[in-house]
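Here is a short note for a colleague who has not yet looked at this structure. Please read the numbered points with the sequence and the model side by side.

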Amino acid sequence: ERAIGLLIEQGDITWLPRLEELRANADRSLRMAIKPVADAWRHRANLASLDADTRRSAATDLGTGGRVMAIPWLEAAASGETHRWARYAMDESTQLLKLASNDPNVKAQAAAKLGEMRSQNAVPALKELVHAASDPNSTEQQKTLAPVATLAIEQIETWNVWSTVIETVFR
């Protein structure tokens, strides 16, 4: 896992064809080890695609991949992004990855930002934060994060209700 992480972080996209060749001729365990590296490199490269939908999709895939090493890639791509929805996906994915941080302040800021963004994709992770605080053995950090996560969920759900009402009225 550590080697895979290093390859993803420090590897060179020009190695991708060779990696794909190795993967095609490898046994199952090696293919499974190579896949996250190839996927991460491909998504990172796609953040610079000429096609906005490809950039948006790459950002979403990186965000759901759970690898925090993608945060700088996403932030760099978002800083120059001109397409509204591609930038949103980059920002949302960055914040989703930050929810996995060990720093409670980073987690709280990410939860608050996801609430402001009305990120429907964040609701399951935010609910996990709230649920973790309800455990009798929860830490002080978990108890501190719960109100922030709860507020973010409320913002997202309120937005969803209003957008549904508006969509229904103007159909």
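1. A contact here means that heavy atoms lie within 4.5 Å. With that in mind, among the contacts in this protein that link residues at least 6 apart in sequence, 57% join residues at least 24 apart. Please keep in mind throughout that the model is a predicted one.

2. As for secondary structure, the protein has nine helices and zero strands, and, when it is read along the sequence, the pattern is α-α-α-α-α-α-α-α-α.

3. On overall dimensions, the C-alpha trace spans about 50 × 50 × 30 Å along its principal axes. The protein has 171 residues, of which 35% count as buried, while about 10500 Å² of area is exposed, with carbon and sulfur atoms supplying 55% of it.

4. The largest pocket holds about 170 Å³ of space. Helix 3 (28–46) and helix 4 (52–65) are the elements that each give two or more residues to its lining, and helix 3 gives the most, with four residues.

5. Which residues line the largest pocket? The lining consists of I8, P36, D39, A40, H43, D61, L62, G65, G66, R67, A70 and W73, and these residues divide by character into six nonpolar, three polar and three charged.

Notes: Residues are numbered from 1 along each chain as its sequence is written. This is a predicted model: local features need pLDDT of at least 70, side-chain atom pairs count only at pLDDT 80 or more; totals for chains, interfaces and linings use all residues. Side-chain values use heavy atoms; hydrogens and water are left out. On a 1 Å grid over the protein atoms alone, a cavity is a set of points where a 1.4 Å probe fits but cannot get out, and a pocket is an open set with protein on both sides within 12 Å along at least five of seven lines; lining residues have an atom within 4 Å of a point. Grid points are joined across faces, edges and corners, and a volume is the space filled by probe spheres set on the points. Ala, Val, Leu, Ile, Met, Phe, Trp, Tyr, Cys and Pro count as nonpolar, Asp, Glu, Lys and Arg as charged, and the others, Gly among them, as polar. Buried means under 20% relative accessible area, exposed over 50%, partly exposed in between (1.4 Å probe, protein chains only). Accessible areas come from the Shrake-Rupley method with a 1.4 Å probe; for residues, only the protein chains shown count as cover.
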